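Thanks for making the time this morning. I would like to walk you through one protein model, so please have the sequence and the structure in front of you as I go.

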Amino acid sequence: SVTWKEFPVIRLDMSGVNGDTLDEIKKCLKALVKDSAEDNHGIVLEDEVDDSASRLFSAYIRLLHKQTKEKVVVLIDEYDNPILSSLGTPGLATPCKKLMAGFYKMLKFAASQKRIRFRYVTGITHFLLGEMSGLNELQDIDLLAGSPFATLFGYTENEINKYLSSQLRDLSETMSLDREEVHRRLSCQYNGYNWHRNDDSDYRVLNPYSVNCCLDRKSFGCHWMTDGAATWLQTCLSKYNYEDLALETLVVIKIEQPMNLVALEQDTLSSKFLGHILWECGFLTKKVHNVYAFANEEVRKIFLKIAFQECKQSCSQLPAQTFLEQGNIAAFFQTVEDTLNGIPDVAIRNKSRVHEREAFYHAITVTLLGSIKKLSKGSIKFGIEQTGGKGRADLWIAVMSIEQIFI
């Protein structure tokens with residue numbers, strides 16, 4: 001048998017630390033530390049007027065270590081929320097990062113004083129870890145090459161089959177689907193995340209929250225979206241032109257430009273950062289080297305929904321939409337062709353069969369046409385591979401404003 005030794009634990013949830021000014025964020029952070037100390041350990045932290053949240057945090061660790069005579073475990077959830085939530089207020093993010101850097105520096109100081117047993121930090125972004133000296137010595141366990149933690153953050157196919165067999169049977173019976181179709185839909189909708197150095201199916205994981213919701217609600221819907229990721233993504237997407245979003249997120253994405261907070265504070269964002277933002281928010285997964293793609297159908301649909309909501313006020317319309325409304329069908333098809341020609345070879349490398357490649361291009365074309373239809377508020381309609389009295393039409397597009405149908 002294993003004898004487990006108990007250690008005192010400090011858990012701080014940063015999801016509630018925010019404000020419109022730096023003073024509000026400071027007060028919120030101090031209240032979090034004081035409440036945690038008193039409510040969980042009976043430690044009353046004396047708050048002098050000039051005391052900072054950092055000093056209170058340091059005192060909290062020191063007094064808990066002294067009280068229990070044991071090293072302290074520190075768990076911090078959503079470490080980057082105060083900084084990311086401040087991006088919506090001009091000029092606030094950088095001073096907020098400085099505040100939080102000083103706060104997290106107390107972890108390094110306490111560790112140097114032999115008061116820390118273990119530190120575990122969660123959050124949305126990776127790049128901010130490297131920008132704060134108090135956290136840059138932590139190991140980013142979901143990015144370690146060949147990491148033993150590669151499958152820690154989701155369900156593998158084998159785990160679902162082994163531990164959720166009865167739930168899968170209930171889902172199959174409720175939806176009148178055979179087990180093979182249930183597995184296919186689960187995989188398409190929720191599988192695909194990869195934190196291993198190889199894009200190997202053995203290391204791909206399904207979103208555990210979404211799978212649980214699907215099994216509980218008996219629905220293959222879009223269940224996942226963390227509040228923090230949604231808020232940050234909405235803030236970032238509001239700084240893009242819709243044309244950048246529509247054309248650059250239909251296919252696999254290369255991430256070559258490192259992210260930094262200064263870039264995020266600008267009024268407009270360069271398109272070269274879009275892939276990195278989507279990856280940080282959990283929408284993309286690594287394929288090979290610096291090439292990324294949407295992990296699954298769920299995140300792709302959620303992204304498109306957020307993108308439409310955030311950008312419909314600032315965008316005018318897609319170039320392809322303009323050409324259709326002008327009746328310039330040749331220019332429209334040239335725009336579609338240019339988009340398809342821009343797809344990197346890695347996106348279709350594993351699609352050796354003709355019908356697989358056709359289905360891939362078909363999906364991209366339908367997505368583009370669906371975007372045009374939504375932006376035109378229904379004034380442009382389309383149909384794919386529809387059969388009529390005189391045969392089958394591969395594609396038809398109806399443009400109401402000029403009363404024309406293109407087949």
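**Starting from S36**

Leaving out residues up to four places away in sequence, S36 touches R11, L12, H41 and Y60, where contact means heavy atoms within 4.5 Å. S36 has its place in helix α1 (residues 22-41), and helices here are DSSP runs of H or I with at least four residues, strands are runs of E with at least two, both numbered from the N terminus. S36 counts as buried because its relative accessible area is 7%, and buried means under 20%, exposed over 50% and partly exposed in between, with a 1.4 Å probe and protein chains only.

Before going further, I should say that this is a predicted model, in which local features need pLDDT of at least 70 and side-chain atom pairs count only at pLDDT 80 or more, while totals for chains, interfaces and linings use all residues. Residues are numbered from 1 along each chain as its sequence is written, and side-chain values use heavy atoms, with hydrogens and water left out.

The pLDDT is the predictor's confidence in each residue, from 0 to 100; its mean for the protein is 80, and 78% of the residues reach 70 or more. Confidence is highest in β1, at 97, and lowest in helix α11 (residues 242-248), at a mean of 52. Where pLDDT is low, the predicted coordinates should not be read in detail.

As for the whole protein, it has 17 helices and eleven strands, and of its 407 residues 43% count as buried. Among contacts with a separation of 6 or more, 64% are between residues 24 or more positions apart.

Let me turn to the sheet. Three strands form an open sheet in the order β1-β2-β3, with parallel pairing, and two strands pair if DSSP finds at least two bridges between them. β1 (9-13) and β3 (116-121) stand at the edges with a single partner strand each, so one side of each has no neighbour in the sheet. β1 pairs with strand β2 (residues 72-77) over five bridges, in the parallel sense, and L12, which we met as a contact of S36, has I76 as its bridge partner in β2.

Which helices lie across these strands? α2 lies across β1, β2 and β3 and runs at about 155° to β1, while α4 also lies across β1, β2 and β3, at about 150° to β3; the axes are lines fitted to C-alpha atoms, for helices over the stretch in contact, with angles from 0 to 180 degrees between N-to-C directions. Within α2 (residues 53-68) sits A59, which is buried because its relative accessible area is 15%.

Next, the interior. The largest nonpolar core has 71 residues, and F57, M100, F103, Y104, W232, I277 and F283 touch the most other members; such a core is a set of buried Ala, Val, Leu, Ile, Met, Phe, Trp, Tyr and Cys residues joined through side-chain atoms within 4.5 Å. Its largest share, ten residues, comes from helix α4 (residues 93-112). There is also a second, separate core of 13 residues, including I160, L171, L186 and V211.

Finally, is Y190, in helix α8 (residues 179-190), buried or exposed? Y190 is buried, with a relative accessible area of 0%, and, beyond four places in sequence, its contacts include V205, V211, F220 and H223.
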